[in-house]
Amino acid sequence: MGKIQVKITGLNLNRLIQKLISNGVMVENVEYKSKQIKFFINEKNLNLLKKICKEERKIYTVIQKNFFKKLLYRIPYLFGSFFASLLIFIYMFSFCSFVNEIEIIGTNLNSTLIAETRNVLNNNNIFVGTNRDNVDSQKIETKLMEEICDISSASVKLYGGKLVIKLFPRTQQFEIKNDNIISKYNAVVTQAQAHSGNLKVKEGDVVKVGDVLIENCDGASGIVKGNVYFSSYEIYNENQNIEVKTGRVFEINEISVFDLVVLKSKNTSKFQSYIEEKCVFYINDDLFIPVKCTKKLLYETTIEKVTVPFEERQDEIFQNLYNKTLALIPSGNDAGRSSYSVVSDGSFTRIDCFIEVEINLF
């Protein structure tokens with residue numbers, strides 16, 4: 001018989017190790033973790049381990065059998081993984097060093113506009129295979145604006161080896177409305193341009209929802225962008241109810257064949273609330289007829305009132321609030337600076353998260 005690795009879960013695990021050693025069991029490569037221990041023993045000592053675990057009310061799991069045999073079996077896969085990793089490394093090096101794809105996107109783009117864009121790229125030596133260091137996004141944006149009259153603006157970004165060019169056709173960007181253009185947000189104006197109509201705001205102005213941005217005068221169109229703060233909040237109560245163990249334990253054993261339960265403990269737990277731990281192992285090794293044993297330990301619990309200061313949960317609350325606020329931002333806009341406001345009142349703390357975003361205001 002070979003060596004097997006087992007995992008034992010529970011408290012006071014040193015006493016279990018001492019019992020094994022006193023019974024002549026060789027315990028090797030012991031690894032300690034919180035309420036858990038792993039080690040190797042000879043497979044012939046497994047029955048003794050089961051007996052001691054039952055006496056000590058510990059849960060055991062066999063996590064590795066015939067270690068060396070499995071290692072030999074896995075050698076071909078390890079070589080395969082090595083070569084696969086090497087190929088991935090070579091691919092990622094190429095992906096990150098050169099432009100391997102150029103994508104032109106936008107709303108209502110026609111073939112002529114796409115062809116003109118590719119001509120501008122070719123004339124500036126930007127094509128698939130170009131070194132990423134030779135790609136100047138701002139310079140390409142300027143060239144596109146200078147040489148293509150049918151676009152109002154362009155955005156050029158590199159994502160790894162992918163060059164993404166987003167075009168904004170003039171017919172799309174300056175859609176003419178027969179009414180005043182009003183703000184949908186409370187914001188600080190960062191960009192203001194009227195294509196038609198009277199521009200009522202300028203950069204730096206503070207606007208509120210409903211304010212006129214471009215006044216209709218034989219039509220209204222243009223671009224007005226601003227910094228908008230999206231926010232969300234949470235009220236944290238440091239007085240909390242937590243679940244703790246009372247010390248009472250109830251054990252349930254069952255045996256199943258092909259996942260069909262054939263034998264089960266008749267007694268039932270009368271615990272109102274509990275934490276369950278489960279150990280599953282197979283009786284036979286070949287698994288031709290899978291006879292599975294399941295041991296469940298139910299630890300009775302009760303609710304206790306405790307005080308958890310806000311400082312202990314601060315990082316977790318901040319991250320959850322940031323994600324919650326991020327979900328409020330309209331798609332296609334990048335999050336900017338974030339800030340937090342914390343106000344305490346007794347056991348209650350109100351936390352507000354703010355994310356600044358530059359977006360189109362109408």
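Let's start with a salt bridge: Asp334 pairs up with Lys157, and their closest N and O atoms are 3.5 Å apart. Keep in mind that this is a predicted model. Side chains of opposite charge can pair when their charged atoms come close. Here the two partners come from distant parts of the chain, 177 residues apart. Asp334 belongs to the loop between helix 7 (310-326) and strand 18, while Lys157 sits in strand 6. If you search the whole structure, you'll find eight salt bridges.

Next up is the largest pocket. It holds about 1100 Å³ of space. Which residues come closest to its centre? Out of the 31 residues in the lining, those are Lys166, Phe168, Lys225, Gly332 and Asn333. Strand 6 gives the largest share of the lining, with seven residues. At least two lining residues each come from strand 6 (151-159), strand 7 (162-169), helix 6 (170-173), strand 13 and strand 19 (348-360). And what kinds of residues are they? The lining splits into twelve nonpolar, twelve polar and seven charged residues.

Now for the sheets. Five strands make an open sheet, in the order 11-9-13-19-18, and they pair in the antiparallel sense. Why is one side of strand 11 (206-207) and of strand 18 (338-345) left without a neighbour in the sheet? Both strands stand at the edges, and each has a single partner strand, so there is nothing in the sheet on the other side. For strand 11, look at strand 9 (residues 187-196): two bridges join this antiparallel pair. Within that pair, Ala187 stands opposite Val207. As you trace these strands, remember that in a regular strand the side chains alternate between the two faces of the sheet.

Strand 13 (residues 221-237) is also where you'll find Ile235. Together with Tyr233 and Phe348, Ile235 forms a nonpolar patch on the surface, and the three have about 310 Å² of accessible area together.

Strand 14 (residues 239-257) is worth following too. An antiparallel run of 16 bridges joins strand 14 to strand 17 (residues 291-307). One facing pair there is Ile242 and Glu304, the latter in strand 17. Strand 14 also pairs with strand 15 (residues 260-264), again antiparallel, over four bridges. In that pairing, Val257 stands opposite Leu260. The hairpin of strand 14 and strand 15 has two residues between the strands, and Phe258 takes a positive phi near 50 degrees there.

Strand 12 (residues 212-215) has a couple of short pairings of its own. With strand 8 (residues 181-182), strand 12 pairs in the antiparallel sense over two bridges. Across from Ile182 in that pair is its bridge partner, Val212. Strand 10 (residues 198-199) pairs with strand 12 as well, antiparallel and over two bridges. There, Asn198 stands opposite Glu215.

Here are the strand pairings side by side:

| Strands | Direction | Bridges |
|---|---|---|
| strand 14 and strand 17 | antiparallel | 16 bridges |
| strand 14 and strand 15 | antiparallel | four bridges |
| strand 9 and strand 11 | antiparallel | two bridges |
| strand 8 and strand 12 | antiparallel | two bridges |
| strand 10 and strand 12 | antiparallel | two bridges |

Note on methods. Residues are numbered from 1 along each chain as its sequence is written. This is a predicted model: local features need pLDDT of at least 70, side-chain atom pairs count only at pLDDT 80 or more; totals for chains, interfaces and linings use all residues. Side-chain values use heavy atoms; hydrogens and water are left out. Patches are made of residues with over 30% relative accessible area and no salt bridge: like charges are joined within 9 Å, nonpolar side chains (Val, Leu, Ile, Met, Phe, Trp, Tyr) within 5 Å. Accessible areas come from the Shrake-Rupley method with a 1.4 Å probe; for residues, only the protein chains shown count as cover. A salt bridge is a side-chain nitrogen of Lys or Arg within 4 Å of a carboxyl oxygen of Asp or Glu. On a 1 Å grid over the protein atoms alone, a cavity is a set of points where a 1.4 Å probe fits but cannot get out, and a pocket is an open set with protein on both sides within 12 Å along at least five of seven lines; lining residues have an atom within 4 Å of a point. Grid points are joined across faces, edges and corners, and a volume is the space filled by probe spheres set on the points. Ala, Val, Leu, Ile, Met, Phe, Trp, Tyr, Cys and Pro count as nonpolar, Asp, Glu, Lys and Arg as charged, and the others, Gly among them, as polar. Two strands pair if DSSP finds at least two bridges between them.
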